[in-house]
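Biologist: Please take one part of this model and look at it closely. I would like the pairing of its strands described first, and then what surrounds it.

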Amino acid sequence: MTKERKWLAVPYHLWIVLFVIVPVMLLLFQSFRGLDGSFTLVNIQTYFTSRVYLTMTLQSFFYAFLITVLTLLISYPAAYFLAQTRHKQFWLLVLILPTWMNILLKTYAFIGILSQTGFVNQGLNFIGIGAQQLLFTPLSFLIVATYIEVPFMLLPVFNAIDEIDGSMIKASRDLGAGEWQTFASVIFPLSLSGVRSGIQAVFIPSLSLFMLTRLIAGNRVITLGTAIEQNFLVTQNWGMGSTMGIVLVLIMFGVMFLTRRRRKGVTVR
Amino acid sequence: MKKLTSLALIITVLSIAAYAGGLLLEQAQGTSGQDVFHLYNWGDYIDSDLIDQFEEETGYRVVYETFDSNEAMYTKIQQGGTGYDLAIPSEYMIERMIEENLVVELDHTQIHGLENIDPAFLDLNFDPGNRYSIPYFWGTLGIAYNEELLSDFEFSSWQDLYQLELENSILMIDGARELIGIGLQTLGYSLNSRDEAELAAAADVLSDLAPNIKALVADEIKMYMIQEEASIAVTFSGEAADMMWENESIVYVLPEEGSNLWFDNMVIPHTVQNEEAAYAFINFMLDPNIAAQNADYVGYSTPNEAAMAFLPDETVEDKQFYPSPEMMENLEVYQDLGLEFTGLYNDLFLEFKMFR
């Protein structure tokens with residue numbers, strides 16, 4: 001590496017130190033502080049012996065998993081067909097457009113759609129099923145969370161599929177592979193990198209969605225985000241809040257590890 | 001590459017232009033400098049016409065910022081880096097802020113109109129002699145319900161919320177002290193209980209209430225009640241007043257077992273930069289005409305006795321909003337519980353939310 005190139009990397013290193021390493025260290029440091037400010041392991045002990053926190057972690061994990069699976073189920077076929085349409089950039093733009101809107105605004109729109117007198121219930125009334133309680137249910141939480149996260153899955157998956165060299169597919173066909181076989185052994189393995197980044201981009205934020213849990217689920221779904229907010233803003237127990245923050249960071253490392261690019265297998269390109 | 005560079009260049013130029021434009025606008029309106037007044041208040045907690053009037057009368061420019069919980073406000077003022085000239089926290093938080101020297105002692109020679117305030121709201125335990133705070137509004141926690149939707153029911157106590165027929169119909173305010181307080185008062189205990197056995201009993205009785213709770217929400221309660229998404233809510237008196245304004249079937253009752261009585265007072269936080277403006281605002285708000293107009297808009301009860309003459313009779317005579325002295329005796333004011341018990345209340349609350 002030449003000297004100039006090294007110099008160019010300085011902002012990047014500064015950024016990493018100031019905004020990634022230092023905050024995580026601060027978080028780690030805080031997590032060892034008790035209510036009285038002394039050094040203690042009590043937060044970690046509380047966390048791992050508390051039925052509330054452990055159930056909450058499992059529940060957060062479970063919902064984040066469901067949201068990720070749902071977004072993948074919706075995004076993969078969408079991205080696949082999108083990559084084959086004629087005006088794909090235009091359609092992609094249409095699908096990404098909702099991310100330009102403020103998330104709170106979208107959430108409030110869903111309150112209107114899902115409420116007793118909302119659009120969905122009017123439809124249900126019309127076809128004779130009758131109004132259902134939709135707001136404040138785990139189902140509505142899943143629907144809204146999936147809607148919000150879909151673009152973050154769609155984009156990387158689309159890019160991965162779009163980048164696949166057309167000649168690979170042609171070659172597969174020439175060698176006698178059917179439609180399905182081509183998909184299963186050529187297209188899908190080659191798009192895995194996009195799926196991995198998509199999972200990373202969706203799973204982690206889903207673990208701590210806390211605004212939706214109140215606005216849409218009426219606190220019927222509790223994620224780690226709810227408890228972190230409470231510990232920082234209400235009870236001023238920053239130590240406990242940080243401990244949960246650290247747990248989230250560790251789970252993130254776990255997800256990154258599981259979805260890492262493996263050396264063996266399909267790294268054809 | 002060339003395209004990319006020019007795109008980056010255009011974005012940079014536009015951003016700089018937007019920033020400069022923002023600065024110019026700010027200067028034109030004067031949001032920085034000596035004649036600015038930073039007010040830190042709850043959302044929708046002042047008639048905005050009054051802000052205009054205050055600006056016109058005094059020449060200060062008001063920057064209005066809002067918070068949605070005492071704790072969030074406390075954290076921002078305590079951490080510093082903010083320049084609030086006046087804040088309007090509730091009594092237990094004022095007590096704590098006085099203890100931690102986060103509020104400035106008031107110079108009573110600069111305050112005019114304190115005699116308009118009902119003596120019942122002066123010289124209270126959380127701030128003896130009003131050395132740090134001046135009353136702004138007060139109110140209660142109670143039950144708001146829709147008479148039309150629940151014509152077979154009568155509500156006069158917390159106990160009434162436990163009826164089995166009310167399954168999945170109550171909107172509960174998303175607050176630890178409010179919810180645990182209901183449990184405590186159902187059992188006849190104090191809202192400020194620091195007895196672990198009493199708290200455990202309260203949590204236990206609340207588990208019977210859990211099936212009736214449709215959702216734990218905050219400011220949205222108002223909207224849901226007006227739209228009749230739910231038929232009952234546990235909410236604050238002023239919120240209920242707003243609902244009743246929009247939907248005539250809604251009624252507000254103070255539970256017999258007693259309830260929470262709270263005060264929101266004006267304080268000058270230690271972050272003050274424009275003390276003169278802060279006093280001007282306090283005096284402005286003490287004016288009976290202004291206080292009446294504000295109370296009419298906000299819907300909470302005014303501590304300003306002189307202002308009551310300017311309010312409609314039906315407001316002032318409503319016993320649910322201006323309770324009789326006997327009813328007032330049942331009401332309890334929150335005390336600061338200290339970190340340990342604040343933590344315990346919130347742990348119980350989180351557990352309730354988790355396993356309901």
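Modeller: What follows starts with a group of paired strands in chain B and then moves outward to its loops, a helix pair, the whole chain and chain A.

The model is predicted, and everything below should be read as a description of that prediction.

The part chosen is the set of strands around β7(B), which covers residues 232-236. This strand is mostly covered, with five of its five residues buried. On β7(B), pairing is found with β4(B) and with β5(B). β4(B), residues 133-146, runs antiparallel to β7(B), and five bridges join them. One position in that pairing is Leu141(B), whose bridge partner in β7(B) is Phe236(B). β5(B), residues 170-173, runs parallel to β7(B), with three bridges between them. Here Leu171(B) has Ala233(B) of β7(B) as its bridge partner. β7(B) thus has an antiparallel pairing with β4(B) and a parallel one with β5(B).

β4(B) also pairs with β8(B), again in the antiparallel sense, over four bridges. In this pairing Ile143(B) stands opposite Val253(B) of β8(B). β8(B) spans residues 250-253, and its side chains alternate. Ile250(B) and Tyr252(B) point to one face and are buried. Val251(B) and Val253(B) point to the other face and are not buried. The residue opposite Ile143(B), Val253(B), therefore belongs to the face of β8(B) that is not buried. In β7(B), by comparison, five of five residues are buried.

Two loop residues next to these strands deserve a note on backbone geometry. Most residues other than glycine have a negative phi. Asp123(B) has a positive phi, near 55°, and lies in the loop between α4(B), residues 91-99, and β4(B). Asp123(B) counts as exposed because 11 other C-beta atoms lie within 10 Å. Asn168(B) also has a phi near 55°, again a positive value in a residue other than glycine. Asn168(B) is found in the loop between β4(B) and β5(B). With 12 C-beta neighbours inside 10 Å, Asn168(B) counts as exposed, since the cut-off for exposed is 12 or fewer.

Helix packing in chain B can be looked at through α5(B), residues 176-186, and α13(B), residues 338-355. Their axes come within 9 Å and cross at roughly 85°. The two helices are therefore roughly perpendicular to each other, because crossing angles from 65 to 115 degrees fall in that class. From α5(B), the contact is made by Ala176(B), Arg177(B), Leu179(B) and Ile180(B). From α13(B), Tyr345(B), Asn346(B), Leu348(B), Phe349(B) and Phe352(B) take part. By class, the contact has seven nonpolar residues, one polar residue and one charged residue.

Chain B as a whole has 13 helices and ten strands. Its C-alpha trace spans about 65 × 65 × 45 Å along the principal axes. The radius of gyration of chain B is 23 Å, which agrees with the value near 21 Å for a compact globule of 356 residues. Of these 356 residues, 44% count as buried. Among contacts in chain B between residues at least 6 apart in sequence, 76% join residues at least 24 apart.

Chain A is built from 13 helices and zero strands. Its C-alpha atoms fill a box of roughly 70 × 70 × 35 Å along the principal axes. Of the 269 residues in chain A, 30% are buried. Residues 24 or more positions apart account for 70% of its contacts with a separation of 6 or more. As a single distance within this chain, Asp162(A) and Leu41(A) are 50 Å apart, C-alpha to C-alpha, and 121 residues apart in sequence. Asp162(A) is placed in α8(A), residues 138-163. Asp162(A) is partly exposed, because 16 other C-beta atoms lie within 10 Å.

The two chains touch, with 22 residues of chain A in contact with 22 residues of chain B. On the side of chain A that touches chain B, α4(A) (51-82), α11(A) (211-215) and α12(A) (224-234) each supply at least two residues. α12(A) gives the most, with four residues. The residues on this side of chain A divide into ten nonpolar, ten polar and two charged.

Notes. Residues numbered from 1 in each chain as written. Chains lettered and ligands numbered in written order. Predicted model: local features only at pLDDT ≥ 70, side-chain atom pairs only at ≥ 80, totals over all residues. Buried ≥ 20, exposed ≤ 12 C-beta atoms within 10 Å, placed from the backbone. Pairing = 2+ DSSP bridges. Rg over C-alpha atoms; globule rule 2.2 N^0.38 Å. Contact = placed C-beta atoms within 7 Å. Nonpolar A, V, L, I, M, F, W, Y, C, P; charged D, E, K, R; others polar. Axes fitted to C-alpha atoms, helices over the stretch in contact; angles between N-to-C directions. Parallel < 35°, antiparallel > 145°, perpendicular 65-115°, else oblique.
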